Amino acid sequence: MCQGLSLRNVGIKLIDIGCKKIIYEDFGEMLFTHFGVSGPTILSGSAHLLHYSNLEEKLAKQQILLQIDLKPALNDEKLDARLLRDFQENKNKQFKNSLGALLPQKIIEVVMIKSKINPEKKVNEITKEERKNLVSAVKQFTLTISGFRDIEEAIITSGGIDTKEINPKTMESKIIKGLFFAGEIIDVDAYTGGFNLQIAYSTGVTAGKS
Ligand SMILES: Cc1cc2nc3c(=O)[nH]c(=O)nc-3n(C[C@H](O)[C@H](O)[C@H](O)COP(=O)(O)OP(=O)(O)OC[C@H]3O[C@@H](n4cnc5c(N)ncnc54)[C@H](O)[C@@H]3O)c2cc1C
């Protein structure tokens, strides 16, 4: 339903519900794809999740959740007040036609399902309790993480030649004379946003000149 939807200024949390631990928290952009979710915050979260202990087992138990805050600028009270205002302005409308000003069209149906409010209901009949569920559906929009995409689709790879085995002034191997390393083959990885390209360029120039 949400495929192709790109969101800006959302909060994301990766949560281990087994031990109620927040594994990763971020704010920024994400998108819904044909396979699940992606985008800068998701890629950064994915990098953190990769090193989380007993991950395979926890994923299999559906214990790792992605919680998206679709309105991070509003706390629960402010969002509730905003909903009341929107409902006041649309009092004779059905619930399913009342969220257009608050949320992108593509996500409205899913939020409605998560709120468990009857979409046909008139907004002036929505109870305080139902509004509370709606606030949760917007601020704690939750998905279960089932796994990662294949290595072929990876944007950045972690692992590789240990930096301790490379002379940083020349990028030459400390073990094999005359062998130089640059870019992804080195065990360094950074968030998206140009850092990995910078690593590739800088190490490439250094190795080339040496
Ligand atoms: C879709 C995508 C988006 C990305 N976006 C970003 C981003 O926004 N910001 C960022 O910082 N990083 C980004 N990256 C990561 C970044 O592109 C890489 O970190 C960087 O290009 C690594 O450079 P490299 O020279 O080490 O390796 P590569 O760019 O992978 O170059 C390796 C080259 O070696 C060639 N090759 C492989 N095997 C052989 C062989 N046996 N003989 C001869 N040639 C061979 C390959 O064809 C390739 O041309 C992105 C990567 C992908 C895939």
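**Reasoning from values to terms in a predicted model**

Tutor: Thr144 has a relative accessible area of 41% and is partly exposed. Its place is in strand β5. The model under discussion is a predicted one.

Student: Why is Thr144 called partly exposed?

Tutor: Buried requires a value under 20% and exposed a value over 50%, with partly exposed in between. Thr144 has 41%, so the term is partly exposed.

Student: How far apart are the C-alpha atoms of Thr144 and Gln67?

Tutor: They are separated by 8.7 Å, while the two residues are 77 residues apart along the chain.

Student: How many aromatic pairs does the model contain?

Tutor: The count is two. One of them joins Phe32 and Phe141.

Student: What makes the pair of Phe32 and Phe141 edge-to-face?

Tutor: Ring centres must lie within 6.5 Å, and planes over 60 degrees apart count as edge-to-face. For Phe32 and Phe141 the centres are 6.3 Å apart and the planes make an angle of 80°, so both conditions are met.

Student: Why does this pair tie together parts that are apart in sequence?

Tutor: Phe32 belongs to strand β2 (residues 21-32) and Phe141 to strand β5 (residues 141-144), so the pair links parts 109 residues apart in sequence.

Student: Are Phe32 and Phe141 buried or exposed?

Tutor: The cut-off for buried is under 20%. Phe32, with 7%, is buried, and Phe141, with 1%, is buried as well.

Student: What makes Phe87 and Phe95 an edge-to-face pair?

Tutor: Their centres are 6.5 Å apart, and the angle between the planes is 85°. The limits are within 6.5 Å and over 60 degrees, so the pair qualifies as edge-to-face. Both Phe87 and Phe95 are buried.

Student: Which residue lies over the face of Phe141?

Tutor: Lys114 does, at 4.9 Å from the ring centre. The distance limit for such a placement is within 6 Å.

Student: How do you know that Glu184 makes a polar contact with the ligand?

Tutor: An N or O atom in the side chain of Glu184 is 2.7 Å from an oxygen atom of the ligand. The limit is within 3.5 Å, so this is a polar contact. Polar backbone atoms also come within that limit of a ligand oxygen, at 3.3 Å for Phe195 and at 2.9 Å for Leu197.

Student: How much of the ligand does the protein cover?

Tutor: The protein covers 34% of the 990 Å² of accessible area that the ligand has on its own. The surrounding shell comprises six nonpolar, four polar and one charged residue.

Note on methods:
Residues numbered from 1 in each chain as written. Predicted model: local features only at pLDDT ≥ 70, side-chain atom pairs only at ≥ 80, totals over all residues. Heavy atoms only, no water. Phe/Tyr/Trp six-rings, centres within 6.5 Å; stacked < 30°, edge-to-face > 60°. Helix = DSSP H or I, 4+ residues; strand = E, 2+ residues; numbered from the N terminus. Buried < 20%, exposed > 50% of the residue type's maximum accessible area, 1.4 Å probe, protein only. Lys NZ or Arg CZ within 6 Å of the ring centre and 35° of its normal. Polar contact = N/O pair within 3.5 Å; in protein donor to acceptor, adjacent residues only side chain to side chain. Areas by Shrake-Rupley, 256 points an atom, 1.4 Å probe, with all protein chains shown as cover. Nonpolar A, V, L, I, M, F, W, Y, C, P; charged D, E, K, R; others polar.
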